[in-house]
Amino acid sequence: MASQTGQDAKFFQRGKIQEFRAELHAAESKDKKFTKRKTVLKKIVANITMGNDMSPLFTDVVQCLGIPLIEIKKMVYLFLVCYGRSKADQIHIVIPSFLQDCNDRNPLVRALAIRTMSYIPVPVVIEPLTEQLRHCLKDRDPYVRKTSAICVAKLYTADPRKAEKGGFVEMLRDLLVDSNATVVSNAVAALCEIGDRQDGVTFRLNLTVANKLLTALGESSEWGQIYILDSLLRYVPDKHEDAELMAERVVVQLGHANSAVVLTAIKVLLYLMNYMENRKLIDYICKKMGPPLVTILSSGPEVQYVALRNILLIVQRRPSVLKNDVKVFFCKYNDPIYVKLAKLEIMYRLAREENAREVLAELQDTRGFRRYASEVDIDFVRKAVRAIGRVAIKVEAAADSCIKALLELIETKVTYVVQEAVIVIKDVFRRYPGKYEGIIPVLCENLDALDEPESKAAMVWIIGQFANRIDNADDLMDDLTFGFMDEPVEVQLALLTAAVKLFIYKSQSSTSKALVHKVLKWATEEVDNPDLRDRGFMYWRMLAINPTVAGEIVLAEKPAITNDSDRMDRGALDQLLLHTGTLGSIYHKNPETFIRGAAGRALTDSPALNPLSRQVLVPLSLPAMPRAIQIAGPGPVEPSVKDAASAPTGGEQKPTPAVPAHLIDDGDGGDGDGEGEGHDDGDYDDEEDHITSASKPLGLDPYANLDSAFGGGGGGGAGSTAGKSYADDLLF
């Protein structure tokens, strides 16, 4: 193979169209073994690879299609894939060869022909493609069937109506129970691609088909396993036991060597946990998910970053997965900056009372003055300093150590470090009122080092809030307001509020009176910003009418700051976890927001869905479809499904019973991991502790009015569904 590659390298030289045409014509004589034409075609393919336009040779190249040599056919078909769409006016001359090859005795030729036709989405090719594809989907050779399955997805992309009317989606459904695992995985891939389109059919799996797919999982290739695992997200369990049995069969895939298979298996397990109630099994699965994720972090930096972005979502939902592995995320000296920043965020997410000392020691190191003395990225150092303050807010037991570390950082006199320290200390003051105000003099000594709007506004807030404890607050505020008109709006708003607070604290001081009058006059008469001007008028009116009431309003007790501000919405988090291992998990955005035509995903309601997950369900806005498509799926009717189908569908539906108050996760309850204060970080873990077997399943059929919603027969009558329940349909 290596010698063959070395010999083919000589073909990668820019050639002229006239020369290639002359060589093809000359090779027609005295070329019984087709060696000359093979050589010319290699040169043409090499030029296509280099980006040279070879389309003028279309008629000359397609004449070689009749040569009964598989190597030549591959090169001609590759040429057609590249230029067939642009040569739509000449493609008709190739149709007879396509039809002949689709009936060839060699399965490789049949598969090659049907695949090439699917790559040329022009009407003159699509028409014969539909007829040949119908036969190839039932071909005796599995290689032809698995190639044809992918061709159905391409046909659906080119002409959805023709694919639906031709019954190709139903034929794909039949391939799900094929005896060959590769055919099954390709059929699943095609159905998933069709189902992921906004205008595609809705693809659902019932329990029988899902179990058949799991059976084919062990015999499939790595990418086939990924497609099959991903398709399991389209199965909605009706019973807790069904989800638990399926999770036990999927968990073995966590030991796979391919990181993509591991991430997809984790995605399926996280999805199934929403429908499980076995507390021990959930804890066991969380424990099993940790080592594979740690193993992925030993890969290259690019794979590391993908894993870290996914881990950041996972630990917010299930902190127990990696609660004892925080050391894995300590930064290395040779980590790229994007990997360091991702690790920094995860370290904060995993911080709790038991490991706060280790995390703080690492954060002090990562500030760039000890082990990372050569670190030149200022943004990384800033985020490390800010993370120390966030840990102080999150873990109360570590607050003293964090404040001590921040004071050490301020003593370094490095400008950007001091500024970040001031910003986070302001939040610490709000989190623990009346506890750390003794360090204010140290902050005031570094006032001249603050030249950024956020840090200056934070320092102004500190001076105004604690003006009664700062002896020279008048002088400090007078210096800060000297350049009021030149400051950013953020600083101006802070100065205005701080001046009013200073006046209220020291109403007898002539300096504070003159200062507040001057600032209010600037804010109301010389400033163009409406927010600043309106706030100035509001303060002036309050002080003029009743200074005592103004003091009660401005100096009112403020709620203690928490770490809820960086908490991701639970519903959005559950939705993002359905995209684990994809671009959506890297961007932390749903694919439909940045991929045109992509369909959204969300948890589906069912009697087995946990009450807390049901409370935060995110509804998906489905596009209007011209008609409903119903295809009866294989497998026996599930007993639980019959019960659901017998529920009344017409008339007024009963409202869903409210979840009892003790089931609501208010952020104060324990998470079963012994994390103590660490639970306040907004990470949703193990809330199913509160769910008991006494929780009643919903008695309503969530799909009762599906036909009318998609423009089909309405009312949910027997005639509209032909007596089939919704879970008996593989696709509907």
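Among contacts in the chain (heavy atoms within 4.5 Å) between residues at least 6 apart in sequence, 71% join residues at least 24 apart. The model is predicted; local features need pLDDT of at least 70, side-chain atom pairs count only at pLDDT 80 or more, and totals for chains, interfaces and linings use all residues. Residues are numbered from 1 along each chain as its sequence is written, and side-chain values use heavy atoms, with hydrogens and water left out.

The chain holds 36 helices and two strands. These elements are DSSP runs numbered from the N terminus, with helices (H or I) of at least four residues and strands (E) of at least two. The chain has 732 residues, and 52% of them count as buried. Buried means under 20% relative accessible area, exposed means over 50%, and partly exposed lies in between (1.4 Å probe, protein chains only). The accessible surface comes to about 33500 Å². Carbon and sulfur atoms account for 52% of that surface. Areas come from the Shrake-Rupley method with a 1.4 Å probe; for residues, only the protein chains shown count as cover.

Open and enclosed spaces were located on a 1 Å grid over the protein atoms alone. A pocket is an open set of points with protein on both sides within 12 Å along at least five of seven lines. A cavity is a set of points where a 1.4 Å probe fits but cannot get out. Lining residues have an atom within 4 Å of a point. Grid points are joined across faces, edges and corners, and a volume is the space filled by probe spheres set on the points.

The second largest pocket contains about 910 Å³ of space. It is lined by 37 residues, of which Asp 196, Tyr 227, Asp 230, Thr 582 and Arg 601 are the closest to its centre. Several helices each supply at least two residues of this lining: H9 (142-158), H12 (181-195), H14 (222-231), H16 (259-273), H18 (301-317) and H32 (583-587). By class, the lining of this pocket has 20 nonpolar, eleven polar and six charged residues. Here Ala, Val, Leu, Ile, Met, Phe, Trp, Tyr, Cys and Pro count as nonpolar, Asp, Glu, Lys and Arg as charged, and the others, Gly among them, as polar.

Three cavities reach 30 Å³ or more. The largest cavity has a volume of about 60 Å³. Its lining consists of Lys 267, Leu 270, Tyr 271, Asn 274, Arg 317, Arg 318, Asp 574, Leu 577 and Leu 578. H16 and helix H31 (570-577) each supply at least two of these residues. H16 gives the most, with three. Four lining residues are nonpolar, one is polar and four are charged.

The second largest cavity encloses about 50 Å³. Gly 571, Asp 574, Gln 575, Ala 602, Leu 603, Ser 613, Val 616, Leu 617 and Val 618 line this cavity. H31 provides the largest share of the lining, three residues. The lining has five nonpolar residues, three polar and one charged.

Aromatic rings form ten pairs. Rings of Phe, Tyr and Trp (its six-membered ring) pair if their centres lie within 6.5 Å; planes under 30 degrees apart count as stacked, over 60 as edge-to-face and the rest as tilted. Phe 79 and Tyr 83 make a tilted pair, 5.0 Å centre to centre with 55° between the planes. Both residues lie in helix H5 (residues 70-83), four residues apart, about one turn of the helix. Phe 79 counts as buried at 1% relative accessibility. Tyr 83 is also buried, at 10%. Tyr 587 and Phe 594 form an edge-to-face pair, with 5.0 Å between centres and 80° between the planes. Tyr 587 is partly exposed, with a relative accessible area of 46%. Phe 594 is partly exposed at 30% relative accessibility. Ring pairs also link Phe 58, Phe 79 and Tyr 83 into a cluster.

Two non-glycine residues with positive phi complete the account. Lys 413 has a phi of about 65°. Lys 413 sits in the loop between helix H22 (399-411) and helix H23 (415-431). This residue counts as exposed, at 52% relative accessibility. His 588 has a phi of about 60°. His 588 lies in the loop between H32 and helix H33 (611-615).
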